[in-house]
Structures are given as C-alpha cells and as structure tokens.
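Please look at the structure below and follow its strands one after another, before turning to the helices that lie around them.

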Amino acid sequence: LVSRSYRLRELIFRWLRQHRLGVTLAVLAVITAVIVGGLLLRLDRAADELAIRERGDRLTQLYGEGARQAYVLDRALPRLENALEGLTTATAWALEAPDQPFAKVYFDADFEGDKTRPDDFTDQTSYRWPVSVEHPVVTVAPGVERAPLLPKIRRLVPLRHHIRDMVIAAALRDDHRTLSAAEATTLMLTRAGPIDYAYVDLPEGVHVIWPGNATLRRDYDVRTASFFQNSAKERGRHWGAPYVDSSTASDGDELVLPCTKGIWSAEGELLGVAGVEMTVTKMLD
C-alpha cells in the first residue's frame with residue numbers, strides 16, 4: 001500500500017462533500033440570521049425615527065397650544081385694563097352725581113337673610129357660593145359709622161348696571177350681538193368672561209363688590225388690602241400679585257389677579273379705588 005498525504009485544502013473539500021447537508025443548513029442558518037438581524041436593526045431604527053417624529057409632533061402641538069393660550073391671555077389682560085378704565089370713569093361720575101335717596105343698598109347683613117337678599121340670589125352658578133349678579137354687596141369697615149356714608153353709598157348703586165354691561169362686553173369681545181336678559185344672566189353666572197370680580201372702594205372704609213354674596217367677613221377693612229394701598233399712593237393702573245381674597249370666608253375662592261386704579265378729584269383728593277379681578281385658577285384651566 002502506498003500512503004498519500006493530502007493538502008489541507010483537499011481535506012477541507014473532502015469534509016465538506018461528506019457533510020454537504022449539514023454545511024448547507026449551517027450556511028442557510030447564518031444567512032437567515034444575518035437577514036433577520038438586518039431587519040431587526042432596520043425595525044429598531046424605524047421605531048426610533050417614529051418615536052422622534054411622534055415626540056416632535058407632540059412638542060409642536062404643545063408649542064402651538066402654548067402660543068394659543070398666550071394669545072388668549074394677551075387678549076384677556078387688556079380687556080381687564082379697558083374695563084377698569086371704564087369703571088374708574090363711571091365711578092368718578094357717580095360720586096359727583098346728585099344723591100339717590102331711594103336707591104336700594106344691599107349690605108352684607110342683607111345678603112345673609114332669606115327675606116332681605118336680592119331676588120336673583122342663586123346657587124346655580126360656577127362661583128363657589130350663591131351670588132347675585134344684579135346687585136353688588138356693600139360692607140363697611142369695623143368702627144366706621146354707616147349713616148353718614150349712606151348718601152355716598154347710594155350714589156354708587158347705579159354702578160351695578162355699568163358693571164353688568166362691562167362684564168358682558170369683556171366676555172363677548174368682538175361679538176357685538178345683543179343678549180337676552182336670560183343669556184346675559186347665564187353668561188355672568190357661568191363666569192364666561194375674563195372678569196370674575198369688580199369692586200369700588202372708598203377711603204372711608206366702604207367696600208362695594210360684585211357679584212353680591214354672603215361670604216364677606218365682618219372684620220374686613222378694605223383699606224388694609226395691598227391693592228387699595230398701592231392705588232391710594234400712586235396714580236395709574238396697578239397689577240397686583242395673585243392673592244387669596246381675604247374679604248371672603250376662610251374657605252374662599254381661588255387665587256385672583258387684581259388690576260386696580262385710584263380715582264382722584266381735580267384737586268388731587270383720593271375719591272376711591274376701582275378694581276377688576278381675574279381668577280388665576282380659571283386662567284390655568
């Protein structure tokens with residue numbers, strides 16, 4: 001017998017021929033693994049790209065909503081300022097008007113009695129307590145005699161019509177349609193506009209606030225409020241810091257943003273302070 005030596009390449013080929021099926025299956029497995037791996041990689045990249053696009057879409061929507069809300073606020077705040085200018089002028093006229101001896105005044109005690117509160121007093125409202133949107137409530141600081149101030153307070157009573165129209169106009173904005181009495185009442189009770197509260201304060205300690213309600217504290221002196229002091233010291237409009245209205249009960253309303261202005265005579269005497277307020281919580285909602 002003659003032995004023969006094989007080169008390595010020949011040995012490999014011989015082995016491959018002997019194990020052709022297994023090699024074929026192995027090659028197919030490798031190819032399949034490569035293809036599947038490539039597909040999975042592409043799917044992973046596609047998922048990442050989709051997630052990036054979706055995040056971009058969400059950010060775009062968020063920025064768009066932020067811009068829309070900023071536009072709404074930019075429109076709402078000037079409406080408060082315009083309303084305040086009108087209320088300031090109307091109050092100055094009212095204080096200079098003739099006496100109104102028969103004007104009905106609703107003091108805080110009147111709102112607490114079932115038979116003495118206004119007829120429109122209702123709890124069907126988005127305010128946290130029953131209110132009257134036709135009549136403001138009047139309170140006098142502790143220790144202040146009411147009788148000498150009654151003629152001046154009665155001159156302020158007709159302002160309720162101006163306040164009503166002011167709140168409706170601010171809510172309708174550029175919509176000049178005329179509302180029915182029922183529609184106007186619903187608009188005010190649901191707080192559809194930017195103005196949630198309006199008030200006129202006198203330096204004698206009189207606080208006239210719309211809408212009328214039965215939650216005013218008996219020990220409240222409006223002259224101690226920061227918004228009153230700011231407007232009493234310096235002319236012009238003043239945007240105060242948001243605060244919880246301390247003139248209401250301890251379970252009071254949300255934070256409010258006040259915009260106030262002093263009312264001055266030609267001689268430079270402070271006649272009073274007028275203010276309008278927007279509820280911060282409603283703005284955030």
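Two strands are said to pair if DSSP finds at least two bridges between them. In this predicted model, 6 strands form an open sheet in the order E2-E4-E3-E8-E7-E6, and their pairing is antiparallel. The edges are strand E2 (137-140) and strand E6 (237-239), each of which pairs on one side only. Neighbouring strands of this sheet are turned by 20° against each other on average, with direction ignored.

Strand E4 (206-210) is a good place to look more carefully. With E2, strand E4 pairs in the antiparallel sense over 4 bridges, and there Val140 stands opposite Val206. With E3, strand E4 pairs in the antiparallel sense over 5 bridges, where Tyr199 has Ile209 as its bridge partner. E3 and E4 form a hairpin with 3 residues between them, and Gly205 in the turn has a positive phi of about 105°. Both faces of E4 are covered, since Val206, Val208 and Trp210 on one side and His207 and Ile209 on the other are all buried. Because 5 of the 5 residues of E4 are buried, this strand is largely enclosed by the rest of the structure.

Elsewhere in the sheet, strand E7 (residues 256-264) is joined to strand E8 (residues 270-279) by 9 bridges, and the two run antiparallel; Trp264 stands opposite Leu270 in E8. Helix H5 (residues 159-172) packs on the sheet, touching E3, E4 and E8, and its direction makes about 150° with that of E3.

Helix H6 (residues 181-189) has Ala184, Leu187, Met188 and Leu189 as its buried residues, and what covers them includes strand E1 (131-132), H5 and E4. Just after H6, Arg191 takes a positive phi of about 55°.

Notes. Residues are numbered from 1 along each chain as its sequence is written. This is a predicted model: local features need pLDDT of at least 70, side-chain atom pairs count only at pLDDT 80 or more; totals for chains, interfaces and linings use all residues. Side-chain values use heavy atoms; hydrogens and water are left out. Axes are lines fitted to C-alpha atoms, for helices over the stretch in contact, and angles run from 0 to 180 degrees between N-to-C directions. Contact means heavy atoms within 4.5 Å. Buried means under 20% relative accessible area, exposed over 50%, partly exposed in between (1.4 Å probe, protein chains only).
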